Amino acid sequence: SIEFLVDSTVGAALSHCDRLDDAVALRNAVVAAKKAGLESSVAAKWDKALSDRERTLADSLIDGETRHVLESVGLAPVVDALKDMEAVYVEGQMIASHPGLGPADVRSALKDFYDSLYSPPMPPFDQIRDPVLRKYARGKTAENVVEVYAKIYDALRSDRGGYDDLSCLSMSPNQVQTLLFV
């Protein structure tokens, strides 16, 4: 029966599906099987499994693209330095005293970031053919950048910040979100 064939082939292929193009090919196979008489319950099961796999693959792609955007806009060194500081945190240490998080480093990174907001280097995700998934990927990447900025913003303004002058924080996370989601 066609159900047995689809369960066997799509099930086996799904476990090796590691690119979005592979997921699209499997989805096309399920669509063709539907046209050939595949039971709707079996088709629905594979549609859901393929959607979940596509989302997982897209999330992996989004993580990589988010990192690329952070590098492009100048925030990656600050993010990395904050992670490094958390890994080797010493009680009472101020963020401003950690290497890479000094006032000049942060001021420079934030200036580059703010300058990029008027023409942000957001990835087009052309490799994602599904327009809904592509829109999700773009939005999620922008959301990730806003979340990272919010963490930096909150950390610098916290009691542990240690910065005498916070005028370099000229935009709130909400303002950054507005600019990235225009």
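Trainee: What covers the buried residues of helix H1?

Mentor: The structure is a predicted model. In it, the cover over the buried residues of H1 includes helix H2 (20-35) and helix H3 (40-73). The word "covers" rests on contact, that is, heavy atoms within 4.5 Å.

Trainee: Which residues of H1 are buried, and what makes them lie on the same side of the helix?

Mentor: Glu 3, Val 6, Val 10 and Leu 14 are buried in H1. They cover an arc of only 60° around the axis, and therefore they sit on the same side of H1.

Trainee: Which residues does H1 carry on the face turned away from its buried side?

Mentor: That face carries Phe 4 and Leu 5, which are exposed. To be called exposed, a residue needs a relative accessible area over 50%.

Trainee: How do you know that the length of H1 is close to what is expected?

Mentor: H1 runs over residues 2-14 and has 13 residues. The expected span is 1.5 Å times one less than the number of residues, which gives 18 Å for H1. The distance from its first C-alpha to its last is 17 Å, close to that value.

Trainee: How do you know that the span of helix H4 agrees with expectation?

Mentor: The 12 residues of H4 should span 16 Å, and its end C-alpha atoms are 16 Å apart; the two values therefore agree.

Trainee: Which residues of H4 are buried, and what do they pack against?

Mentor: Ala 76, Val 78, Val 79, Ala 81, Leu 82 and Met 85 are the buried residues of H4. Their packing partners are H3, H5 and H6.

Trainee: Why is His 98 called buried?

Mentor: The limit for a buried residue is under 20% relative accessible area. His 98 has 6% relative accessibility, so it counts as buried. Its place is in the loop between H4 and H5. Leaving aside residues up to four places away in sequence, His 98 touches Ala 81, Asp 84, Met 85, Val 88 and Gln 93. Ala 81 and Met 85 are also among the buried residues of H4.

Trainee: Why does Thr 66 count as buried, and why does Ser 51 count as partly exposed?

Mentor: Both residues belong to helix H3, as the positions of Thr 66 and Ser 51 show. Thr 66 has 7% relative accessibility and is therefore counted as buried. Ser 51 has 35% relative accessibility, and partly exposed is the class between under 20% and over 50%; Ser 51 therefore counts as partly exposed. Thr 66 touches Thr 141, Asn 144 and Val 145, not counting residues up to four places away in sequence.

Trainee: How far is Ser 51 from Tyr 163 in sequence and in space?

Mentor: The two residues are 112 residues apart in sequence, and their C-alpha atoms are 46 Å apart in space.

Trainee: What is the value of phi at Phe 125, and why is this residue called buried?

Mentor: Phi of Phe 125 is near 55°, which is a positive value in a residue other than glycine. Phe 125 belongs to the loop between H5 and H6. Its relative accessible area is 2%, and the limit is under 20%; Phe 125 is therefore buried.

Trainee: What lines the largest pocket, and which helices supply its lining?

Mentor: Its lining has 13 residues, of which Val 79, Leu 82, Lys 83, Val 148 and Lys 151 lie nearest the centre. H3, H4 (76-87) and helix H6 (131-157) each supply at least two residues. By type, the lining divides into seven nonpolar, one polar and five charged residues. The pocket has a volume of about 260 Å³.

Trainee: What makes a space a cavity and not a pocket?

Mentor: A cavity is a place where a 1.4 Å probe fits but cannot get out, whereas a pocket is open. The structure holds three cavities of 30 Å³ or more, and the largest of the cavities has a volume of about 60 Å³. Its lining includes Leu 20, Asp 21 and Val 24, and H2 gives the most to it, with three residues. That lining divides into four nonpolar, one polar and four charged residues.

Trainee: What is known of the second largest cavity?

Mentor: About 40 Å³ of space lies in it. Among the residues that line it are Pro 103, Val 106, Arg 107 and Tyr 163. Helix H5 (residues 103-116) gives the most to this lining, with three residues. The division is six nonpolar, no polar and two charged.

Definitions and conventions: Residues numbered from 1 in each chain as written. Predicted model: local features only at pLDDT ≥ 70, side-chain atom pairs only at ≥ 80, totals over all residues. Heavy atoms only, no water. Helix = DSSP H or I, 4+ residues; strand = E, 2+ residues; numbered from the N terminus. Buried < 20%, exposed > 50% of the residue type's maximum accessible area, 1.4 Å probe, protein only. Arc of directions from axis to C-beta. 1 Å grid on protein atoms, 1.4 Å probe; cavity = no way out; pocket = protein on both sides within 12 Å on 5 of 7 lines; lining within 4 Å. Points joined across faces, edges and corners; volume = space filled by probe spheres on them. Nonpolar A, V, L, I, M, F, W, Y, C, P; charged D, E, K, R; others polar.
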